[in-house]
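Okay, everyone, thanks for coming. Let me put the structure up and we'll walk through it together.

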Amino acid sequence: MEVPLNAQYIRNIIMGAQGIFDHIVHFYYLCALDWVDIVSALKADPKKTSALAEKLSSWPLNSPQEMRTAQDRLKTFVNSGQLGVFATGYWGHPAMKLPPEVNLLAAAHYLQAFEYQRKINKVVAILGSKTPHIQNLAVGGVANPINLDNQSALNMERLLYVKTLIDGIGDFIKNVYMVDVAAVGALYADWTTYGKGVTNYLSAPDMPLDTKGTKFELPGGYIPGGNISKFNPITSFNDDFFKKNVKESIKHSWYKGDWNRHPWEEDTIPEHTKYDENKKYSWVKAPNFDGKPAQVGPLANVLCMYAAGHKPAVKHATTVLDTANAVLSLVGSKARVNVNSLHSTIGRIAGRSIRCAVLHDAVVSQWQALVDNIGKGDTATFNPPVFPKGEQKGFSFHEAPRGILSHWVIIQDGKIKNYQCVVPSTWNAGPRNSEDALGPYEASLVGNPIADPEKPLEVLRTVHSFDPCLACAIHMVDTKSKEIVKVKAF
């Protein structure tokens with residue numbers, strides 16, 4: 001069925017805004033503290049920190065006063081004895097090697113990022129009502145009525161406020177987030193040689209530009225063996241190349257049987273046994289594309305867009321790499337990074353910052369497309385669906401913040417007969433497949449250094465670079481309805 005253009009644009013803005021929010025949160029709050037020593041930041045000279053920052057970008061909140069204020073806030077945490085989120089960090093770990101001034105700069109931006117992730121999340125709230133479980137999506141479009149003369153509908157006042165929020169975060173993405181990632185990556189340039197793992201990359205095209213899902217703002221596809229020249233695009237929601245090549249194996253997963261099947265042919269029957277690394281050892285299934293494990297996520301998406309010649313992706317990737325090389329020159333290092341350096345732990349983090357900038361450009365474009373289309377007199381946001389009789393097989397994909405997400409359904413006479421979802425963290429966290437090939441997490445850990453086995457920070461660095469979500473990878477239901485927890489609502 002076709003989805004009205006306005007609905008596509010609204011969906012696209014929500015998807016882009018949610019991705020921007022997610023990528024900022026991942027770096028500053030879920031990943032950066034694997035590399036940034038907060039305790040060391042207390043020893044920094046705020047003036048030197050500011051001078052360094054001003055060499056890297058024109059961000060107005062890099063002044064000595066801003067750096068001093070951030071340092072004072074950190075000292076307040078430490079002196080209170082209640083470190084909160086900073087309590088469990090591996091401070092002073094031998095693998096931490098940033099100078100105090102760089103640590104303070106990253107810590108200051110950690111605090112500033114709260115405001116900017118909040119801004120872009122407002123866009124999701126205005127258009128989608130709730131995040132991350134969006135409330136406005138419907139089969140056939142969205143539930144947002146457009147009426148420029150009604151205060152209760154989506155009107156120009158709300159759309160212009162959305163534009164203000166979108167415009168208000170671009171400078172932070174390009175002059176803070178991308179610069180921080182490039183600087184930290186340059187100072188840990190040795191980590192471009194660790195964490196490579198699986199280099200079959202899979203991503204979905206996203207942000208449809210027509211009613212049928214045959215044209216997209218963001219390209220996607222498949223890169224085998226890290227060879228960009230062999231990029232194979234996925235061109236539509238009905239692409240046979242994607243539809244026929246997705247399978248999941250349970251050879252090493254705690255489900256009944258030992259099969260490698262297409263999602264339409266799967267079942268999900270739990271059968272837990274003892275942990276045995278040579279047999280079954282995970283609740284996660286092992287997805288495969290064209291018979292092989294595939295890495296998904298922002299890096300996969302960026303490399304596919306780069307291979308497709310997508311101009312914003314090429315531009316922002318070049319910017320991040322050039323900034324990293326400028327930092328390397330600044331510190332007197334002869335090392336240099338390039339596109340091939342992205343096949344790594346640091347590369348996954350860099351890829352996420354590049355994708356964040358691409359998403360911002362796309363959201364700006366989608367907002368303008370929505371306003372222009374409304375200006376033509378088109379206010380449609382929904383086409384009523386018609387559900388055919390008999391057996392129907394369907395699937396859909398989306399490039400979620402952690403990578404390609406696909407849902408597969410068989411409907412028999414209006415009722416769901418089988419339903420499977422193959423989600424990003426399943427692709428990356430999956431155990432060995434039916435041919436015993438390692439999944440992306442497992443493969444990426446091979447060869448990583450470990451300075452202190454009792455504090456395996458380096459393992460966290462690599463796994464965190466994927467932005468893991470095992471709650472997404474495995475969905476468990478207690479069919480016997482046993483009470484697990486009781487919550488009292490006041």
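Start at the hairpin of E12 and E13: there are 2 residues between the strands, and Asp413 there takes a positive phi near 50°. Keep in mind this is a predicted model. Right by that turn, Gln412 has Lys415 in E13 as its bridge partner. E12 and E13, residues 415-422, run antiparallel and are joined by 7 bridges.

Now the other neighbour. E11, residues 391-400, also pairs with E12 in the antiparallel sense, over 10 bridges. Another hairpin makes that link, through 2 residues. If you want a pair to click on, Phe397 stands opposite Ser406 in E12.

So is E12 enclosed or open? Strand E12 covers residues 403-412, and 7 of its 10 residues are buried, so the rest of the structure largely encloses it.

On to the cores. The largest nonpolar one has 103 residues, and Ile20, Ile24, Tyr28, Val123 and Phe172 have the most contacts inside it. Which helix gives the most to this core? That's H6, with 16 residues. Tyr28 is a nice one to zoom in on: beyond its neighbours within four places in sequence, its contacts include His109, Tyr110, Phe172 and Asp180. Then there's a second, separate core of 17 residues, and Leu202, Trp264, Ile410 and Val422 are among them.

Last stop, the surface. Met1, Val139 and Phe387 make a nonpolar patch of about 360 Å². Val139 sits in the loop between strands E1 and E2, and it counts as exposed because its relative accessible area is 51%, where the cut-off is over 50%.

Notes:
Residues are numbered from 1 along each chain as its sequence is written. This is a predicted model: local features need pLDDT of at least 70, side-chain atom pairs count only at pLDDT 80 or more; totals for chains, interfaces and linings use all residues. Side-chain values use heavy atoms; hydrogens and water are left out. Patches are made of residues with over 30% relative accessible area and no salt bridge: like charges are joined within 9 Å, nonpolar side chains (Val, Leu, Ile, Met, Phe, Trp, Tyr) within 5 Å. Accessible areas come from the Shrake-Rupley method with a 1.4 Å probe; for residues, only the protein chains shown count as cover. A salt bridge is a side-chain nitrogen of Lys or Arg within 4 Å of a carboxyl oxygen of Asp or Glu. Helices (H or I, at least four residues) and strands (E, at least two) are DSSP runs, numbered from the N terminus. Buried means under 20% relative accessible area, exposed over 50%, partly exposed in between (1.4 Å probe, protein chains only). A nonpolar core is a set of buried Ala, Val, Leu, Ile, Met, Phe, Trp, Tyr and Cys residues joined through side-chain atoms within 4.5 Å. Contact means heavy atoms within 4.5 Å. Two strands pair if DSSP finds at least two bridges between them.
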